[in-house]
Amino acid sequence: MASSAAPQHPVEHQSKLKISNPKAHNHYRFQDFFSFDPSMGTVTDWNQMRNIFTSEDFIIGLVEGLEEEVGSASSVIMYTIGKEWGVKDAAFFQQWYEAEFGQSIRQSNLMFLLETWWWPFTAQGWGRWEVDMSDRKHGCIFINLFDSAVARTLGDVGKPVCHIYAGLFAGFFSNLVKKSLSCIELQCYSMGETYCKFLLGNPDRIDAAGFWLNEGATARDIQRKLQDGVVLR
């Protein structure tokens, strides 16, 4: 799995495809997306973002280390890290998207825009996703995540563990729509599910979903409640 760091200056070591066709869109093969500079010990991706390759041991150490230090608050810290990451990545995404496609993100088809944002994450090992917009009229979006790097590493521990993803989604979408949004994981591969499922929406809706989840509701139950307009009083 690769994690991204700050954007770098133009690099000398670039893929042959990047050199021959710098605006190619089909650049997500490993040898096209990543550029390695052995002399500097650096890895940059197609968008000249610095990347660091990490092992599963790093994820385990990060999660278990936080839990040992702060207990249950570790999930809040991971969410906060993810949200800050999402906000910053949204700004960087806008830069490279508009440079690559020659149009503003405001003029783009929303689903195309979202798939373009997530493809680098898939290439970096963060998993595949599906965005379900069918409940937008109810003020929420569902996101299905397949092969979560965190959940895959931790295995079946009986609780949601993908807090950094929830924060990432909240931060990115908040920046995209210029409105404060929250996100919660409703089901997780680490709970024995086949994939992870997130709910994104206004903070009050996410608070309600969190309450129902604590009361034993399933992701399907919560989706039905939101569709029926059930609110907490």
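These legends accompany several close-up views of a predicted model.

**View 1. The largest nonpolar core draws on helices and strands alike.**
Welcome to the interior, a core of 46 residues. Within this core, Trp117, Trp118, Trp129, Tyr165, Phe169, Phe173 and Phe198 touch the most other members. Two or more residues each come from helices H3 (56-70), H4 (74-101), H5 (110-123), H6 (149-154) and H7 (163-177), and also from strands S5 (128-132), S6 (140-146) and S8 (196-201). The top contributor is H7, which supplies nine residues. Another core lies apart from this one and has 13 residues, including Cys140, Ala208, Ala209 and Ala217. As background for this view, nonpolar side chains in soluble globular proteins tend to be buried together.

**View 2. Phe198 and its contacts.**
Here we zoom in on one residue of the core. Setting aside neighbours within four places in sequence, Phe198 is in contact with Ile141, Phe142, Ile143 and Leu145. Its contacts also include Cys162, Tyr165, Ala166 and Phe169. Cys183, Ile184, Glu185 and Leu186 are in contact with Phe198 as well.

**View 3. An open sheet of four strands, with helix H9 packed on it.**
Follow the strands across the sheet and you will read the order S5-S6-S8-S7, with antiparallel pairing. S5 and S7 (182-187) stand at the edges with a single partner strand each, so one side of each has no neighbour in the sheet. On average, neighbouring strands are turned by 25° against each other, direction ignored. Helix H9 (residues 219-227) touches S5, S6, S7 and S8, and its direction makes about 25° with that of S8.

**View 4. Strands S5 and S6 side by side.**
This antiparallel pair is joined over five bridges. If you would like a landmark, look for Trp129, whose bridge partner in S6 is Leu145.

**View 5. Helices H5 and H7 cross at roughly 140°.**
The axes of H5 and H7 come within 13 Å. Angles over 145 degrees would count as roughly antiparallel, so at roughly 140° H5 is oblique to H7. The crossing is right-handed. From H5, the residues at the meeting place are Leu110, Leu113, Leu114, Trp117, Trp118 and Phe121. They meet Tyr165, Leu168, Phe169, Phe172, Phe173 and Leu176 of H7.

**View 6. Thr153, a buried residue in helix H6.**
Thr153 sits in H6. Its relative accessibility is 11%, and Thr153 counts as buried because that value is under 20%. Beyond its neighbours within four places in sequence, Thr153 is in contact with Glu56, Ile59 and Ile60.

**View 7. The hairpin of strands S2 and S3.**
S2 (residues 34-37) and S3 (residues 42-45) pair in the antiparallel sense over four bridges. Within the pair, Ser35 stands opposite Thr44 of S3. Four residues lie between the two strands, and Gly41 in the turn has a positive phi of about 70°.

**View 8. Lys23 in the loop between helices H1 and H2.**
Our last stop is the loop that runs between H1 (16-20) and H2 (30-33), where Lys23 is found. Leaving aside neighbours within four places in sequence, Lys23 is in contact with Ala99 and Glu100. A separation of 25 Å lies between the C-alpha atoms of Lys23 and Val87, which are 64 residues apart along the chain.

Technical notes
Residues numbered from 1 in each chain as written. Predicted model: local features only at pLDDT ≥ 70, side-chain atom pairs only at ≥ 80, totals over all residues. Heavy atoms only, no water. Core = buried A, V, L, I, M, F, W, Y, C linked by side-chain atoms within 4.5 Å. Buried < 20%, exposed > 50% of the residue type's maximum accessible area, 1.4 Å probe, protein only. Contact = heavy atoms within 4.5 Å. Pairing = 2+ DSSP bridges. Axes fitted to C-alpha atoms, helices over the stretch in contact; angles between N-to-C directions. Parallel < 35°, antiparallel > 145°, perpendicular 65-115°, else oblique. Left-handed = near helix turned anticlockwise from the far one by under 90°.
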